[in-house]
Amino acid sequence: MTNEAVADPSGTDAWKQLQGFAATVGVSKIRELLTQDQSRPTRLSCEAVGIHADFSRQRITSEVIEALIALARQTGVFELRDAMFTGEHINTTENRAVLHTALRLPRHAQLTVDGVDIVNEVHEVLDRMSLFSDAVRSGEWVGETGKKITDVVNIGIGGSDLGPAMAYLALEDFRDQSITCHFVSNVDPSDIGVVLERLNPETTLFVIASKTFTTLETMTNAGDARAWVVAALGEASVQKHFVALSTNAQAVTAFGIDTNHMYGFWDWVGGRYSMDSAIGLSTMIAIGPKNFRSMLSGFHAMDEHFKFADAGSNLPLLMGLIAVWNRNFLKIPTTAVLPYSQYLSRFPAYLQQLTMESNGKSVRRDGAAVAYDTGAIFWGEPGTNGQHSFYQLLHQGTSVVTADVIVIAQTAHAIGNQQDVLVANALAQAAVLALGRTAQEVIADGTAPELVAHKVMPGNRPTSVFMVKELDPRTLGALIALYEHSVFVQGAIWGIDSFDQWGVELGKKVALGILADLTDGQVEDPNLDAASRADMQTYLSFKQR
Ligand code: F6P
């Protein structure tokens, strides 16, 4: 598929039709849409794998949805989806298949890609991970001095950190409380420093998670951890206290980890799509192999839904299409992810990489510059905390922000009516974001005239509400796969490669140059610009103060 001509979405009939709708439906008031048609929540809701999505607070109509589905057809979204699932090399700039969906195929499924039975390979790794996780959890796997492992430190960054770190918090109620996981990602020495200060090398297992096994931050932190263990327990202890999650057996061996203690994956798993691969080992140790497989079943169920459901009731498709509508036709540049769940506190951070590293691109797969907007900026915080920080701007700022409100109905911690208080806040915010409050209503409240303008809420912020029964491993898997496929749909329409990340490479290279300069005390590097040279000078002088 390399450099195959890609349909320019802006040249399609559907795009032009949607531009027409942007001038009518796009400027309509959500409040009026909801008042005029009481059946709207029923018509504009969709449910899959236990996730109920209410899109009725979006500035859309059934006609807009039809035109968006036509856009998907005219830009080849369904063909690209099928090409992804069958292992065609749709990551064209790296000439790779994109097969994170194969990581959750059941054992009996069949998928041969580039001549290899990959389901078999996936399950071989999962089985080895299960044996190892069980051994660590039961205490059969012990450290160098014979003690049970009590602490697992995942050292990784980006996709080798965010997914496991997010899932560890999300699945708190499913965790083995006798083992604590720690996540070290930043090259800031304080990150690893604080963790090492608190742990005992005899009872600590390090999981070095890196697809490439070359990432500067991870290899620096892994080197520190290795030195710490060796200083306390000797060189031979590395085999008992380190395992690797990687595609790079050579580098793992060079680091001193036996490949028997390496859990592999494949170049067709992108870093930000890898938390259900070997990269999930810390998750599996924390929640156990059975729960991990339940999480995989949730991912898989959403994959199947995305693959087979009709367009009109295909949840990830609709979600991706509405994101395109908001981005390209309503011109809204940013989306707030607002999970009303403390357990999902790292979900926005996880989604930042998934969405922005995937769709933050301005060149199409065929190399042409895009003439339209692509990936929105994603960010967020759990509710209700965010309400007391940035919601003011959501409600009354000059920039319109779309919002994904995520609601969990049941909690394992039924304390008083606190869950109802939480959910009442989620629904209240969705209502206020969408409906706002008019001047007449504010006046009717008896507001002093000089304050009326300050209390008017414009509303009309397109808001989706996603609701699930409970946050269990299966639901978490389904929720993540929902976002993965929504991201896919958006990238497919925009004609970009959602699976490469060339934009992060230059910074890494420049950092190495600056590091060499700092090490040599060379602050007059002619390859650097004046601002960088000046900042290096300032840094060195501050360091010596
Ligand atoms: O810098 C971006 C990136 O390549 C991500 O895509 C990836 O998840 C992360 O770095 C970590 O990479 P690795 O797993 O190879 O250490």
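In helix 9 of this predicted model, the buried residues are Thr218, Met219, Asn221, Ala222, Ala225, Arg226, Val229 and Leu233. They sit on the same side of the helix, because their directions cover an arc of only 165° around the axis. Helix 9 itself runs over residues 216-233, which makes 18 residues. From its first C-alpha to its last it reaches 25 Å, close to the 26 Å expected at 1.5 Å a residue. Just after the helix comes Gly234, with a positive phi near 90°.

Val229 is a good residue to pick out from that buried side. It belongs to helix 9 and has a relative accessible area of 0%. What does Val229 touch, once residues up to four places away in sequence are not counted? Its partners are Phe206, Gly234, Ser237, His241 and Phe242. Gly234 thus turns up twice, as the residue that follows helix 9 and as a contact of Val229. For a sense of scale, the C-alpha atoms of Val229 and Ile408 are separated by 42 Å, with their positions 179 residues apart along the chain.

Another residue to look at is Ile60, in the loop between strand 2 (51-57) and helix 4 (62-74). Is Ile60 buried or exposed? Ile60 counts as buried because its relative accessible area is 0%, and the cut-off for buried is under 20%. Leaving aside neighbours within four places in sequence, Ile60 is in contact with Val25, Leu33, Arg40, Leu44, Phe55, Ile65, Ile322 and Trp325. Glu32 is 28 residues from Ile60 in sequence, and their C-alpha atoms are 12 Å apart in space.

Now for the charged residues. Asp176 is found in the loop between helix 7 (162-170) and strand 6 (180-184). It is buried yet has no salt bridge. Why does Arg137, the nearest side chain of opposite charge, not give Asp176 a salt bridge at 4.3 Å? The distance of 4.3 Å does not meet the criterion, because a salt bridge needs the nitrogen within 4 Å of a carboxyl oxygen. Arg137 is still in contact with Asp176, as is Ala286, when neighbours within four places in sequence are left aside. The side chain of Asp176 also makes a polar contact with the side chain of Ser178, at 2.7 Å.

Elsewhere, the structure holds 23 salt bridges. Here are some of them, with N to O distances:

| Residue | Partner | Distance |
|---|---|---|
| Arg43 | Asp37 | 2.3 Å |
| Arg104 | Glu484 | 2.7 Å |
| Arg533 | Glu524 | 3.8 Å |

Take the salt bridge between Arg104 and Glu484. Arg104 lies in the loop between helix 5 (77-86) and strand 3 (112-113) and Glu484 in helix 20 (residues 473-494), so the pair ties together parts that are 380 residues apart in sequence. Arg104 is buried at 3% relative accessibility, and Glu484 is buried at 1%.

In the salt bridge of Arg43 with Asp37, Arg43 is partly exposed, with a relative accessible area of 40%, and Asp37 is partly exposed as well, at 21%. Arg533, which pairs with Glu524, counts as partly exposed at 23% relative accessibility.

Finally, some charged side chains join up beyond simple pairs: Arg31, Arg437, Glu441 and Asp445 are linked in a network of salt bridges.

Note on methods:
Residues numbered from 1 in each chain as written. Predicted model: local features only at pLDDT ≥ 70, side-chain atom pairs only at ≥ 80, totals over all residues. Heavy atoms only, no water. Helix = DSSP H or I, 4+ residues; strand = E, 2+ residues; numbered from the N terminus. Expected span 1.5 Å × (residues − 1). Buried < 20%, exposed > 50% of the residue type's maximum accessible area, 1.4 Å probe, protein only. Arc of directions from axis to C-beta. Lys, Arg positive; Asp, Glu negative; His and termini not counted. Polar contact = N/O pair within 3.5 Å; in protein donor to acceptor, adjacent residues only side chain to side chain. Contact = heavy atoms within 4.5 Å.
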